[in-house]
Amino acid sequence: MRAVLTAGPTLEPIDPVRFLSNRSSGRQGYALAEALAALGFEVTLVSGPTALNDPPGIAIVRVETAREMLAAVEDALPADVFIAVAAVAAWRPAEPSAIKLKLDKSGHGALKLAENPDILKTIAALAPQVRPRLVIGFAAETHDVLDHARAKRMRKGCDWIIANDVSGSAMGGADNAVTLITPQGEESLGQAPKTEIARQIAQRIVAVLTA
Ligand code: CTP
């Protein structure tokens with residue numbers, strides 16, 4: 001079986017020396033890619049910039065922006081499962097400058113932003129003959145975690161959403177605590193290293209795809 005995942009942050013250039021990004025380390029996505037590979041999946045990992053080494057036995061495609069990430073995911077399909085773990089920047093500077101901007105200290109002349117494509121929503125909306133059988137998103141939330149995550153599952157059109165409380169040190173840290181929200185119900189996995197969370201999610205993915 002084939003799995004395609006996104007992981008890490010995206011990086012959206014403002015000018016040659018500045019960018020918009022976020023605190024994602026890529027750890028949960030890389031751990032999930034490795035857990036799926038260990039279960040025999042052929043895995044393509046589309047990764048934003050991270051400090052992590054290329055995991056062995058996995059095809060890794062390194063990108064920077066959300067638009068590059070979407071194109072790389074589309075190139076990597078078809079797959080049985082698509083998992084969007086990346087923390088994609090929702091916005092990018094509309095007109096990145098080719099030369100270093102001289103910022104107005106008054107704060108005026110602010111950055112104009114353009115909306116990035118929603119990779120998860122795009123893949124979830126593919127026609128049935130090309131859509132991966134299982135499309136999974138993550139919901140990184142700091143408050144009302146489960147309510148936001150349930151709403152996000154509906155909004156994105158994905159099959160499962162994995163709710164992730166990032167009010168503590170989960171973003172960038174080694175541990176995580178998640179709740180799987182699926183059409184069949186909800187299941188919380190207690191606080192554990194991201195590698196262990198990944199192993200448990202991967203087992204549930206195999207169970208569903210082989211049912
Ligand atoms: N996602 C994506 N492409 C985007 C934005 C998000 O693929 N442009 C995916 C993420 O990889 C994740 C899920 O959508 O699986 C939810 O991401 P999150 O950042 O929590 O949600 P947002 O869509 O940014 O919504 P909000 O800012 O309202 O929380």
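Which residue in S5 is the bridge partner of serine 47? I looked it up first, and arginine 62 is the partner. I keep in mind throughout that this is a predicted model.

**Entry 1: the whole chain**

I counted elements next. The protein has 5 helices and 12 strands. Its radius of gyration is 17 Å, close to the 17 Å that the globule rule gives for 211 residues, so the protein is as compact as a globular protein of that length. I then took the box along the principal axes: the C-alpha atoms fill roughly 60 × 35 × 35 Å.

I checked burial over the 211 residues, and 46% count as buried. The accessible surface comes to about 10600 Å². Carbon and sulfur atoms hold 54% of that surface.

For contacts I looked at residues at least 6 apart in sequence. Of these contacts, 62% join residues at least 24 apart.

I also looked at charge. There are 22 positive and 23 negative side chains. The centres of the two sets lie 4 Å apart.

**Entry 2: strand S1**

I moved to S1, residues 2–7. Is this strand mostly covered or mostly open? It is mostly covered, with 6 of its 6 residues buried.

I sorted the side chains by direction. Arg2, Val4 and Thr6 point one way from S1. Ala3, Leu5 and Ala7 point the other way. In a regular strand the side chains alternate between the two faces of the sheet. I noted that both sets in S1 are buried.

Then I traced the neighbours. S1 runs parallel to strand S4, residues 42–47, and 6 bridges join them. Strand S6, residues 81–84, also pairs with S1 in the parallel sense, over 4 bridges.

I picked out single positions. Alanine 3 stands opposite valine 43 in S4. Valine 4 stands opposite threonine 44 in S4. On the S6 side, the bridge partner of valine 4 is phenylalanine 82.

**Entry 3: strand S4 and threonine 44**

I followed the pairing on to S4. This strand is mostly covered too, with 5 of its 6 residues buried. S4 also runs parallel to strand S5, residues 59–62, through 4 bridges. The pair of serine 47 and arginine 62, from my opening question, belongs here.

Threonine 44 lies in S4. Why does threonine 44 count as buried? Its relative accessibility is 9%, and the cut-off for buried is under 20%.

I listed its contacts, leaving aside neighbours within four places in sequence. Threonine 44 touches Arg2, Ala3, Val4 and Leu5, and also Ala59, Val61 and Ala76. I then took one distance. Alanine 72 is 28 residues from threonine 44 along the chain, and their C-alpha atoms are separated by 9.7 Å.

**Entry 4: the S2–S3 hairpin**

I turned to two short entries in my list. Strand S2 (residues 12–15) and strand S3 (residues 18–20) pair in the antiparallel sense over 3 bridges. They form a hairpin with 2 residues between them. Aspartate 15 has arginine 18 in S3 as its bridge partner.

**Entry 5: backbone checks**

Which peptide bond is cis, with omega near 5°? I found it running from leucine 77 to proline 78. Proline 78 sits in the loop between helix H2 (66–76) and S6.

I checked phi at aspartate 144. The angle is near 45°, a positive value in a residue other than glycine. This aspartate lies in the loop between strand S9 (134–141) and helix H4 (145–156). Aspartate 144 is exposed, at 53% relative accessible area.

**Entry 6: aspartate 165**

My last stop was aspartate 165, in strand S10 (residues 160–165). How exposed is aspartate 165? Its relative accessible area is 34%, so I logged it as partly exposed.

I looked across the sequence from there. Threonine 142 is 23 residues from aspartate 165 in sequence, and 5.7 Å from it in space, C-alpha to C-alpha.

Threonine 142 also appears in the contact list of aspartate 165, once neighbours within four places are left aside. The other entries in that list are Glu141, Val145, Ala170 and Ala177.

How values were computed. Residues numbered from 1 in each chain as written. Predicted model: local features only at pLDDT ≥ 70, side-chain atom pairs only at ≥ 80, totals over all residues. Heavy atoms only, no water. Buried < 20%, exposed > 50% of the residue type's maximum accessible area, 1.4 Å probe, protein only. Pairing = 2+ DSSP bridges. Rg over C-alpha atoms; globule rule 2.2 N^0.38 Å. Contact = heavy atoms within 4.5 Å. Areas by Shrake-Rupley, 256 points an atom, 1.4 Å probe, with all protein chains shown as cover. Lys, Arg positive; Asp, Glu negative; His and termini not counted. Charge placed at Lys NZ, Arg CZ, Asp CG, Glu CD.
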